[in-house]
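Please open the model in your viewer and keep the selection tool at hand. Each stop below names what to select and then describes what is there.

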Amino acid sequence: RGGVYPMPFPHVVGSEGAGEIVTVGADVTDLAVGDRVAWCDAPGSYAELVVVPAERAVRVPAAVELDVAAAVLLQGMTAHYLANSTFPVGDGDAVLVHAGAGGVGLLLTQLATLRGGRVITTVSSDAKAALSRAAGAVAVIRYDQLGDLASELPPLVLDASGGGVAVVYDGVGKATFDASLASLRRRGMLVLFGGASGQVPPFDLQRLNSGGSLYVTRPTLAHYTSTTEELRWRADELFALVAEGRLDVRIGVRLPLAEAAEAHRRLEGRGTTGKVILQVD
């Protein structure tokens, strides 16, 4: 809606969801009518009926409810590739996650903790701080109580991590980028996976040298689920963790499809935690 990702118009928004198959194409052999599936990259998903390419649909286990499957797939696979592939969190690694009570933040905190990481998060309220700690954060920083993030946040992170974090997972972007770079240890990595506050402007690459031979990467989920095999591997691991009770999926807001505009307003107002779900009765 903000124009960052150009698209043709008229356009039906939405790309993710879950439901039961009502019909399949003649060449589809591995899925059938009645199967419960989830998806995260089918255009036009704000609808009662959605056409999903068979190779991009993943089966939902019986132990996982459809609303949970819809809530966890896109944000969960984002958290999965970040913690397992872009920068594989190791035992004892200090990790900084911005927006720790958001949909990705809560899942990423849990997955990084399961891999042995010590997660520090930033949040904007007491309620969000409590959610972040419940997800496994060892330290939570209230960025709303700081003045200049670039100068005030890094000392707090350095103190909480004992000298700098191995990786910063930053989905906020413009507002946090400078603070993220300054919070890294030598040869640390900044993983910029979103731009909730705006896109990061061009910067001098020499800053990576002076900061301690740092790394910066800008990944996207599509490149980590480019094959059906990788897509279903990540999804199956997530669903298994949910079914085993080892991954908690928070649905913060449920609204009917007719109130999609209100869902967008709440997201833009940064008043949500976890996932916002649109339901079709």
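Begin by selecting Arg36 together with Pro61, where the side chain of Arg36 reaches the backbone oxygen of Pro61 at 3.0 Å. Add Val64 to the selection, and you will find that its backbone oxygen lies 2.7 Å from a polar atom of the side chain of Arg36. Both are polar contacts, a term for a pair of N or O atoms within 3.5 Å; within protein, one atom must be able to donate a hydrogen and the other to accept it, and residues adjacent in sequence count only if both atoms are side-chain atoms.

Before moving on, please note that this is a predicted model, in which local features need pLDDT of at least 70 and side-chain atom pairs count only at pLDDT 80 or more, while totals for chains, interfaces and linings use all residues. Residues are numbered from 1 along each chain as its sequence is written, and side-chain values use heavy atoms, with hydrogens and water left out.

Is Arg36 buried, partly exposed or exposed? Arg36 is partly exposed, with a relative accessible area of 22%; buried means under 20% relative accessible area, exposed over 50%, and partly exposed in between (1.4 Å probe, protein chains only). Arg36 belongs to strand β2, residues 36–39, and strands (E, at least two residues) as well as helices (H or I, at least four) are DSSP runs, numbered from the N terminus. Now select Arg59 too: 23 residues separate Arg36 and Arg59 along the chain, yet their C-alpha atoms are separated by 5.9 Å. Leaving aside neighbours within four places in sequence, Arg36 is in contact (heavy atoms within 4.5 Å) with residues including Gly19, Glu20, Val58 and Arg59.

Widen the view to the sheet around this residue, an open sheet of three strands in the order β1-β2-β3 with antiparallel pairing; two strands pair if DSSP finds at least two bridges between them. The edge strands are β1 (17–20) and β3 (58–59), each of which pairs on one side only. Four bridges join β1 and β2, and Gly19 stands opposite Val37 in β2. Select residues 66–86 next to see helix α1, which lies across β1, β2 and β3 and runs at about 150 degrees to β1; here axes are lines fitted to C-alpha atoms, for helices over the stretch in contact, and angles run from 0 to 180 degrees between N-to-C directions.

Helix α1 leads to the largest nonpolar core, which has 43 residues, among them Leu73, Met77 and Phe239. Such a core is a set of buried Ala, Val, Leu, Ile, Met, Phe, Trp, Tyr and Cys residues joined through side-chain atoms within 4.5 Å. The largest share of this core, eleven residues, comes from α1. In soluble globular proteins, nonpolar side chains tend to be buried together. Select Phe239 and you will see that, not counting residues up to four places away in sequence, it touches residues including Ala38, Val58, Val64 and Leu73.

The next stop is an open sheet of six strands, with parallel pairing and the order β6-β5-β4-β7-β8-β9. Strands β6 and β9 (215–217) stand at the edges with a single partner strand each, so one side of each is left without a neighbour in the sheet. The twist averages 15 degrees from one strand to the next.

Select residues 118–123 and 139–142 to compare β5 with β6, which pair in the parallel sense over four bridges. Ile120 stands opposite Ala139 in β6, and Val123 has Arg142 as its bridge partner. Which residues of β6 point the same way as each other? Ala139 and Ile141 point one way, Val140 and Arg142 point the other way, and all are buried. In a regular strand the side chains alternate between the two faces of the sheet.

Add helix α3 (residues 126–134), which together with β5 and β6 makes a right-handed β-α-β unit: with the strands pointing away from the viewer, the path from the first strand over the helix to the second runs clockwise.

Finish at Thr273, in the loop between α9 (260–268) and β11 (275–279). Thr273 is buried, with a relative accessible area of 13%, and its side chain makes a polar contact with the side chain of Arg250 at 2.8 Å.
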